[in-house]
Structures are given as structure tokens and as C-alpha cells.
Amino acid sequence: MNPTRTAGDAGGQPDDRTTDPATRRTADPATDRAAEKLRTLAAARSARATAAGLPDSPPSPHWRADERTLRLLTVATAGAGAALLTGHAWLLALAAGPAVLLALASPGHTRPTRLSVEAAVEPRRCFESEHVTVRITVGHDGHIGPPEPTVALGPDVALDALTVTADGVDLVLRPESWGRRRLGVVDLDVPDAGGLTRRTLRTDLGTVDVFPVPTAARLTPIPVRLPERIGEHTAAHEGTGVEVVGVRPHVPGERQRRIHWPSTTRRDAVQINQFAAERAADVVVLLDALADFRDAATGRRSLDETLRAAAGLTRAYLRRHDRIGLVAVGGQLRWLTAGSGERQFYRMVESVLEVRQDRPCRGPVPPRIPLPALPARALVYAVTPLADQRILEVLGQVRERGNPLVVVEIPVGDPAVEPGDATDALALRLWRAEREAMRSTLRGRGIPVARHTPGEALDLALAPLLRRRIEGATR
């Protein structure tokens, strides 16, 4: 599973079908103009369909008359009716022209009796703003004209390119935010070879798993006590690491290469280097999904920034070969036991892709965190906008179990204030005062609060935590 692959990576060489149609030109200017007109009309129809929302009722499975056919029939009928009413035979000429055109364009035995549509979507997993390529092919047993697509996109999905081919349509879509996103629905109006009748085929493009782009992070603060497992963090006690923490007198049987010669020379006795042990850390990311606030100034959503920060923390610790788990507290409690390796990152993200679809938690207190979700001595990062008082109850559960705890605040969601409106200004002051009260409560309990500004590197918020190791509460 490699969601970082983009549309042009499928076969090792860029596929010309997925490039911008504006860069591909044929030798015939008339053909280029016709193709450009088809793209323009299809884009306009798609914009209207997307604004109207995804369709509910299925299209008719039968052939129907085309608008061109209806116009020709109207002219022919009007000419014949005028000739009969007025008695002027020359008016039949008005009906003869459209009738001849209808006869010449009649599909006869060339109109398909079987039509089918197939959509190939690649890839089904990607990161935010990466391209998803869709190729829609029409299967038939006769002759058809160029299909006319209407694309109704799902929420937070953009259409970057559209190309109409002889037997189908090529699309390039771009999911703009993380989650399990529905790409949308495509209706293809398939005309017969003469353009007199047409039939609509519908295909659902399904869903894609869109992963958040992790916030840049490299620093990995550690707690005072580490599990007895070999890793890359320097522990506080002596072991078999590479960092020298002191010297001591030689004991018979120890290796000579550990002798510290400068101290041996000064003290006239053999001195041995002491090394700090190297251990791995257990980390749990606690994701606050109790509410999703939209920042009026920047348009950012608190849940988006919360998950991006959590993904950045996950990546940083997995690079150090630590074990990391996840607990998502919201409409439904989701948790994943701690693990290591690159696959753990994708397991964690996939476990919270459905968070957007969860119903908000309306109860006074969220459910209790199960014991296996918080290993003993595991460092817990609570990533939260500090906008819901109930998160304090959850943090209290973590503190009761003695786990070292760090709160990473995502300051997103300040309400909009109209200039000169005293009521709005007072509401904003109360909002900020409640947040400051929550920070003071946490710091009063000995819990460090790191304030992370979206768009900046997470290391700026975590750097002060490196001055000292993080302690847990006593049980």
C-alpha cells in the first residue's frame, strides 16, 4: 500500500491520458475547436450538477429522442401543417429538408442494443491534494457518437481535467481534504451514430481513502521512565549505549577498550567509561474529535489541523523506531494498540477516517478509555483545540493512570467578530477566557501545554519539552 503514488506513477512512464488536455493538440484545428467546445460544455454541466448535489433517482434505461431530432420534427411538422392549412404545395419544401435529414441520420441497424459503462479509478488511496485518475469506458455492440459527460462531484473534490474520447471520458480529480471521500457520480449521454437518439448511462466512482498531510516534525521528547526495550533514546540509567555519562573504577573482567585513559592517567588507577542505556519509548496520541470548529479568519477546521498534527507526531516517533498508538475520543471511541513500523502510520490514519461521519458526542462525559489502549509508562500526547470542557474529563482519566501527559493545543476556531459589534467582541473575550482557564487548570495539575500554530513546524511547539524529561503522575 503506497498512497503517495500519483496519477502519473501507475506504469513507470507518464500516461498521456492523465495530462492536462490543453497540452495535447491534434493536427486538425477544427477537431481541436470541437474538442474544446465539448470540454467547455461538459465542465459547465458538471459545475451545475455539483452545485445541485449528487443525484438520487436513476436515469431512464431507454433510448430517447435527441434535442436535434425534436427540432427537426418540429420544423417538418410545422411545414406540413402549414401546407395543409393554406393549400400551398411549396410549403412542403419546408418539411422536406428536415425529413430528409432525419432519414439520412436514421441509425437503422447500427444503433447499439447493448450498452455498458466501466470506471477505473487509480489510486484508491492518496494524500490530500494528490490527483486521482478516472477512465470511464463505454462498451457497446454498434456505432455511437462521442459521449457527453455530466460529473456531479462529492464534497471537497475538485475536477482538474476532463477529456472526451471516442468511447469514453478521462477525468483527473483532486480530493482537497482528508477522510473517506466519495468522488461522485458521472452521467454519460451516449448518442447514436446519427445523433437522433441518446441514452444516459450512470456510473458511481465510489470512494477513496484520503490521508492527511502530516505536519513537519522531527523532535521526539521522552518521559522519565522508559520501557525495557532497546531503542534510540538515551535512558537515565547505565547500560550498553554509545553516550558516555561518567567514569568508574575498573572491575576485573571488563573490556580494555572501555578504558578512559585521561582519567586513568590523572588518578593513577584504571578508569572505565560508563554509558547510558538506549531504550525505545511507548507513545499514545489522544485525538480530540468531540467537536469540529471552523476558524472564521483562516477557514481552517480544528479537526483537520488536529489530525495533521497527530500524523506529524506519529511520523516523528516511528522514524525513531518507537511504538505508537492512537485513541480518538468523539462521537465514537476509536483506539489502536501501540505498534511500530511504517504500516502503523497507515493503520492509525485509516482507523480515524470515519471520524467525520460520526455523530457528535452529546453526553456529559465521553466513554472511559480501555486499559489496553494506554500501556503503562506510555507518553500520551493529547492533541486538542481546548474548546470543549469534556476533554478535561478525558485527560483526568489519563492522569489517574499515571501516564506522562502533554497537551498539544491547536488554536483554531475563534468566532467571527463584526467590526464595532460590542456583543461579538464580548463573546470573543469569553471564548478566549475559557481557553485560558483550561490552560491554567492543566498547568496547575503539572501538565505541560504546547501551543501549535497551524502552518508552522510542530518542532517549534515541542522544543521547550526537551529541556527536561516529562514526568507522570503518582498513582
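Two strands are taken to pair if DSSP finds at least two bridges between them. In the predicted model described here, strand β15 (residues 282-288) meets this condition with strand β16 (residues 323-329), to which seven bridges join it. The two strands run parallel. Within this pairing, Asp 282 has Arg 323 of β16 as its bridge partner.

Strands β15 and β16 belong to an open sheet of six strands, arranged in the order β17-β16-β15-β18-β19-β20. The pairing in this sheet is mixed. Its edges are formed by β17 (334-339) and β20 (449-451), each of which pairs on one side only. On average, and with direction ignored, neighbouring strands of the sheet are turned by 20 degrees against each other.

Two helices accompany this sheet. Helix α6 (residues 342-351) lies across β16 and β17 and runs at about 175 degrees to β17. Helix α8 (residues 422-444) also packs on the sheet, where β19 (405-409) and β20 are touched by the helix. The direction of α8 makes about 140 degrees with that of β20.

One residue of helix α8, Arg 439, was examined in detail. Arg 439 has a relative accessibility of 10% and therefore counts as buried, since the limit for that class is under 20% relative accessible area. A polar contact of 2.8 Å links the side chain of Arg 439 to the side chain of Glu 409. When residues up to four places away in sequence are not counted, Arg 439 touches Leu 386, Glu 409, Val 449 and Arg 451.

At the level of the whole chain, nine helices and 20 strands are found. The chain has 475 residues, of which 45% count as buried. Its accessible surface comes to about 24300 Å², and carbon and sulfur atoms account for 54% of that area. Of the contacts between residues at least 6 apart in sequence, 73% join residues that are at least 24 apart.

Aromatic residues were considered next. Five aromatic pairs are found in a search of the whole structure. In one of them, the ring centres of Phe 211 and Tyr 346 are 5.5 Å apart and the ring planes stand at 35 degrees, so this pair is tilted. Phe 211 lies in strand β11 (residues 207-211) and Tyr 346 in helix α6, so the pair ties together parts of the chain that are 135 residues apart in sequence. Phe 211 and Tyr 346 are both buried. A further pair, formed by Phe 345 and Tyr 346, is edge-to-face, with a distance of 5.2 Å from centre to centre and an angle of 75 degrees between the planes. Phe 345 has a relative accessible area of 1% and is therefore buried. For Tyr 346 the corresponding value is 6%, so this residue is buried as well. Ring pairs link Phe 127, Phe 211, Phe 345 and Tyr 346 into a cluster.

Strand β11, which holds Phe 211 of this cluster, has four of its five residues buried, so the strand is largely enclosed by the rest of the structure. Two pairings of β11 were identified. With strand β3 (residues 125-127), β11 pairs in the parallel sense over three bridges, and Cys 126 has Val 210 of β11 as its bridge partner. With strand β8 (residues 179-182), β11 pairs in the antiparallel sense over four bridges. Here Gly 179 has Val 210 as its bridge partner in β11. Val 210 thus appears as a bridge partner of Cys 126 and of Gly 179.

Another open sheet is formed by four strands in the order β2-β4-β7-β6, and its pairing is antiparallel. Strands β2 (115-122) and β6 (157-165) stand at the edges with a single partner strand each, so one side of each is left without a neighbour in the sheet. From one strand to the next, the twist averages 20 degrees. The pairing of β2 with strand β4 (residues 132-140) is antiparallel and extends over eight bridges. In this part of the sheet, Ala 120 stands opposite Arg 135 in β4.

Key:
Residues are numbered from 1 along each chain as its sequence is written. This is a predicted model: local features need pLDDT of at least 70, side-chain atom pairs count only at pLDDT 80 or more; totals for chains, interfaces and linings use all residues. Side-chain values use heavy atoms; hydrogens and water are left out. Axes are lines fitted to C-alpha atoms, for helices over the stretch in contact, and angles run from 0 to 180 degrees between N-to-C directions. Contact means heavy atoms within 4.5 Å. Buried means under 20% relative accessible area, exposed over 50%, partly exposed in between (1.4 Å probe, protein chains only). A polar contact is a pair of N or O atoms within 3.5 Å; within protein, one must be able to donate a hydrogen and the other to accept it, and residues adjacent in sequence count only if both atoms are side-chain atoms. Accessible areas come from the Shrake-Rupley method with a 1.4 Å probe; for residues, only the protein chains shown count as cover. Rings of Phe, Tyr and Trp (its six-membered ring) pair if their centres lie within 6.5 Å; planes under 30 degrees apart count as stacked, over 60 as edge-to-face and the rest as tilted.
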